[in-house]
Amino acid sequence: AVAARRLTVLTVLLLCQSMSSNVLEAFDEMLNKYIVLPLFLTTLCGAGGNAGTQATIRAITGLVSRQFATKDYCRVLRKELLVGVICGFCLSLIGFFRIMIYVSEANPDEVPTPMFIVVAMTAALLVIVLTSALVGGSLPFLLQYLGMDPEHAGPSIQMTMDVLAVLIICTSITLADRLFAGNTPQVG
């Protein structure tokens, strides 16, 4: 019975995870234009999954231990908003320097990375971590409200944030490219 329930959830998540492929395909031009983007895609998505998992586990633990009730949702969300902003800014700063180190050490034969791409990736990381904290803190409450086991929020947050993170990253790069391409200094 446990294996059947888990298999059902994992199958649905696997099928939903394939939406990332659709998003990547839609942004294929940007992925090919800026080589740094696919190199850091998993890093940025992983940060979202990690931040979301922390928020999800906190919410699940609070619900299961009865430290939180459904009525505490707004209080939990406010706290996750604050934690998401703090962690998002800190991780974005670290991410900025990590990307800058990579592009400054890039092969001279590679096309230089425009600074606006580094900034757009950094901004995307901030949005991803903030979104992850909010979605991660909300998902267990939503599942419980729907009469489902909040424990399914654990694997669900990974899939949800993988898809959302890819969309956030590709959208921010596309927006930055449309606004600044040709008008910015190169890095590397």
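This is a short tour of a predicted model, with a suggestion at each stop for what to select in your viewer.

**Stop 1: the whole chain**

Begin with everything shown as a cartoon. The protein chain has 7 helices and 2 strands. If you walk along the chain from the N terminus, the elements come in the order α-α-α-α-α-β-α-α-β. Now turn the model around: along its principal axes, the C-alpha trace spans about 55 × 35 × 25 Å. Of the 188 residues in the chain, 40% are buried. Many contacts link distant parts of the sequence: among contacts with a separation of 6 or more, 83% join residues 24 or more positions apart.

**Stop 2: colour by confidence**

Next, colour the chain by pLDDT. The average is 90, and 94% of the residues score at least 70. Where is confidence lowest, and where is it highest? Select strand E2, residues 186–187, for the lowest mean, 58; then select H6 for the highest, 96. Keep this in mind as you look around: where pLDDT is low, the predicted coordinates should not be read in detail.

**Stop 3: the largest nonpolar core**

Show side chains for Val-36, Ile-99, Ile-117, Met-121, Ile-128, Ile-169 and Ile-173. Within the largest nonpolar core, which has 38 residues, these are the ones that touch the most other members. Two or more core residues come from each of helices H3 (28–33), H4 (36–64), H5 (73–104), H6 (115–145) and H7 (153–180). Which helix gives the largest share of this core? That is H6, with 11 residues. As background, nonpolar side chains tend to be buried together in soluble globular proteins.

Zoom in on Ile-99. Setting aside residues up to four places away in sequence, Ile-99 touches Val-36, Phe-40, Val-118 and Met-121. There is also a second, separate core of 5 residues; Ala-59, Leu-63, Val-76 and Phe-141 are among them.

**Stop 4: H1 beside H7**

Hide the side chains and select helix H1, residues 2–17, together with H7. Two packed helices are described by the angle between their axes and the distance between the axes. For H1 and H7, the axes come within 9 Å and cross at roughly 5°. An angle under 35 degrees counts as roughly parallel, so H1 is roughly parallel to H7.

Bring back the side chains where the two helices meet. On the H1 side you will find Leu-13, Cys-16 and Gln-17; facing them in H7 are Pro-155, Ser-156, Met-159, Asp-162 and Val-163.

Stay with Ser-156, which sits in H7. Is Ser-156 buried or exposed? With a relative accessible area of 13%, Ser-156 is buried, because that value is under 20%. Beyond its neighbours within four places in sequence, Ser-156 is in contact with Leu-13 and Leu-139.

**Stop 5: H2 beside H7**

Now swap H1 for helix H2, residues 19–26. The axes of H2 and H7 come within 9 Å and cross at roughly 10°, so H2 is roughly parallel to H7. Here Met-19, Ser-20, Val-23 and Leu-24 of H2 meet Asp-162, Val-163, Val-166, Leu-167 and Cys-170 of H7.

**Stop 6: the cysteines**

Select the cysteines and show their sulfur atoms. A disulfide is a covalent bond between the sulfur atoms of two cysteines. How many disulfides does the structure hold? The count is 0. For Cys-16, the nearest cysteine sulfur belongs to Cys-45 and is 16 Å away. Cys-16 is partly exposed, at 26% relative accessible area.

Move on to Cys-87 and Cys-90. Why is there no bond between their sulfurs? The closest cysteine sulfur to that of Cys-87 is in Cys-90, but the two are 6.7 Å apart, which is too far for a bond. Cys-87 counts as partly exposed, at 32% relative accessibility.

**Stop 7: two last residues**

Select Ser-92 in helix H5. Ser-92 counts as buried, with a relative accessibility of 6%. Not counting neighbours within four places in sequence, Ser-92 is in contact with Thr-122, Leu-125 and Leu-126.

Finish at Gly-46, in helix H4. Gly-46 counts as partly exposed, at 26% relative accessibility. Try drawing a line from its C-alpha to that of Met-148: Gly-46 and Met-148 are 102 residues apart in sequence and 26 Å apart in space.

Technical notes:
Residues are numbered from 1 along each chain as its sequence is written. This is a predicted model: local features need pLDDT of at least 70, side-chain atom pairs count only at pLDDT 80 or more; totals for chains, interfaces and linings use all residues. Side-chain values use heavy atoms; hydrogens and water are left out. A nonpolar core is a set of buried Ala, Val, Leu, Ile, Met, Phe, Trp, Tyr and Cys residues joined through side-chain atoms within 4.5 Å. Buried means under 20% relative accessible area, exposed over 50%, partly exposed in between (1.4 Å probe, protein chains only). Helices (H or I, at least four residues) and strands (E, at least two) are DSSP runs, numbered from the N terminus. Contact means heavy atoms within 4.5 Å. pLDDT is the predictor's confidence in each residue, from 0 to 100. A disulfide is a pair of cysteine sulfur atoms within 2.5 Å. Axes are lines fitted to C-alpha atoms, for helices over the stretch in contact, and angles run from 0 to 180 degrees between N-to-C directions. Angles under 35 degrees count as roughly parallel, over 145 as roughly antiparallel, 65 to 115 as roughly perpendicular and the rest as oblique.
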